Amino acid sequence: MPVNIERSWKEQLSDEFVQPYFTMLTNFIKKEYEEHTCYPKGSDIFAAFEHSTFDKTKVVIIGQDPYHGPNQANGLCFSVKDGIPHPPSLINIFKEIETDLGKPYPQSGNLERWADQGVLLLNATLTVRAHQAGSHQNKGWETFTDAVIRKISLNKEGLVFLLWGGYAKKKSNLIDSAKHDVLTSGHPSPLSANRGYWFGNKHFSQTNEILQSMGKTPIDW
C-alpha cells in the first residue's frame, strides 16, 4: 500500500506513516488485496485526500466503512461511482438537500464534485473486503483517520464538521469545538431517517451560512 497521498496531507501526516501500527496496517492491506477482492481499488484508497487537500478542506463529513458491493466505492464516504445506483443513505442525503436547498435530485451519486470544493469525505476505515461489511475494521485504519481528524482540528480553524449517527458523533472528542463548528444529527440510513432523526436537519444550508459568515465560498451541494 504505497502512501501516494497528496503533498499537503503528506506533510501533516508523515509522522503516522512511520508508526508501527501503520506498517502492520500496510502489510495487512497488501495481503488482503492480493488474496481477496477488496474495495475501493488501490489507487482510490486515499482519494478523499487527493480531492480535498489539507489546505483546501473546509468541511468534514465522517463515514464509517466503504461500500462493499461491486463498483460502488470510490474512496469518498457516502459516494459511489458514476452510473451506480444510489445506496439508501445517499438517497436520503440527496432528499434532504432537495428540501433544504430546493436543488433537484442529482443523477450521479459521485461526490467528487463536493470533495473538489473542499469537503473531506472521510471514512473511518478506508478499505473493505468484498461483500463483508466491517471486515477491515480494527486493523489500524481508525488510528490513522483519528489522527487525521486531530491534525485538522489542531492545525486549521473555522472548519464545519458534520457528524451523522452515533459512530460519527463519537469523533467529537477529537475536535476542538472552540475553533470549529460541529453539526450533529441522526444517520441518513433508512432506519434512522424514517424515525425522524435525519430529515429536516438542514445541515447543508447551515454549513453554507457558517462558511459565508467567515467569508468563505459556500459549497455547491
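## A buried threonine

With a relative accessibility of 0%, T127 counts as buried, since the cut-off for that label is under 20%. Keep in mind that this is a predicted model. As for where to look, T127 sits in the loop that runs between β3 (119-123) and β4 (128-129).

What does the side chain of T127 make polar contacts with? One partner is the side chain of H136, at 2.7 Å. Another is the side chain of W141, at 2.8 Å. Leaving aside residues up to four places away in sequence, T127 touches I29, Y33, Y39, P40, I45, D65, P66, H136 and W141.

## The Y39-P40 bond and a neighbouring stretch

Two residues on that contact list, Y39 and P40, are worth a second look. The peptide bond going from Y39 to P40 is cis, and its omega is near -10°. In general, most peptide bonds are trans. P40 itself belongs to the loop between β1 (38-39) and α3 (47-51).

Now take K30, which is part of helix α2 (residues 20-35). K30 has 42% relative accessibility, so it counts as partly exposed. Between K30 and G42 there are 9.5 Å in space, C-alpha to C-alpha, and the two are 12 residues apart in sequence.

## Two residues with positive phi

Most residues other than glycine have a negative phi. F78 has a phi near 70°, a positive value, and is not a glycine. You'll find F78 in the loop between β2 (59-63) and α4. Its relative accessible area is 11%, so F78 is buried.

K202 isn't a glycine either, yet its phi is positive, at about 55°. This residue is in the loop between α8 (190-193) and α9. Is K202 buried or partly exposed? With a relative accessible area of 43%, K202 is partly exposed.

## Where two helices cross

Helix α4 (residues 88-101) and helix α9 (residues 203-213) have axes that come within 8 Å and cross at roughly 60°. That angle is why α4 is described as oblique to α9. On the α4 side, the contact is made by I93, E96, I97, D100 and L101, while α9 brings in H203, F204 and S205. Sorted by type, the residues of this contact are four nonpolar, two polar and two charged.

## The annotated domain

For a wider view, the UniProt record (an unreviewed entry) places a feature called "domain: Uracil-DNA glycosylase-like" at residues 50-211. Over residues 50-211 the chain is 33% helix and 14% strand. The C-alpha atoms at the two ends of this stretch are 22 Å apart.

Key:
Residues are numbered from 1 along each chain as its sequence is written. This is a predicted model: local features need pLDDT of at least 70, side-chain atom pairs count only at pLDDT 80 or more; totals for chains, interfaces and linings use all residues. Side-chain values use heavy atoms; hydrogens and water are left out. UniProt positions are given in the numbering used here, feature names are shortened, and annotations may be inferred rather than shown by experiment. Helices (H or I, at least four residues) and strands (E, at least two) are DSSP runs, numbered from the N terminus. Buried means under 20% relative accessible area, exposed over 50%, partly exposed in between (1.4 Å probe, protein chains only). A polar contact is a pair of N or O atoms within 3.5 Å; within protein, one must be able to donate a hydrogen and the other to accept it, and residues adjacent in sequence count only if both atoms are side-chain atoms. Contact means heavy atoms within 4.5 Å. Axes are lines fitted to C-alpha atoms, for helices over the stretch in contact, and angles run from 0 to 180 degrees between N-to-C directions. Angles under 35 degrees count as roughly parallel, over 145 as roughly antiparallel, 65 to 115 as roughly perpendicular and the rest as oblique. Ala, Val, Leu, Ile, Met, Phe, Trp, Tyr, Cys and Pro count as nonpolar, Asp, Glu, Lys and Arg as charged, and the others, Gly among them, as polar.
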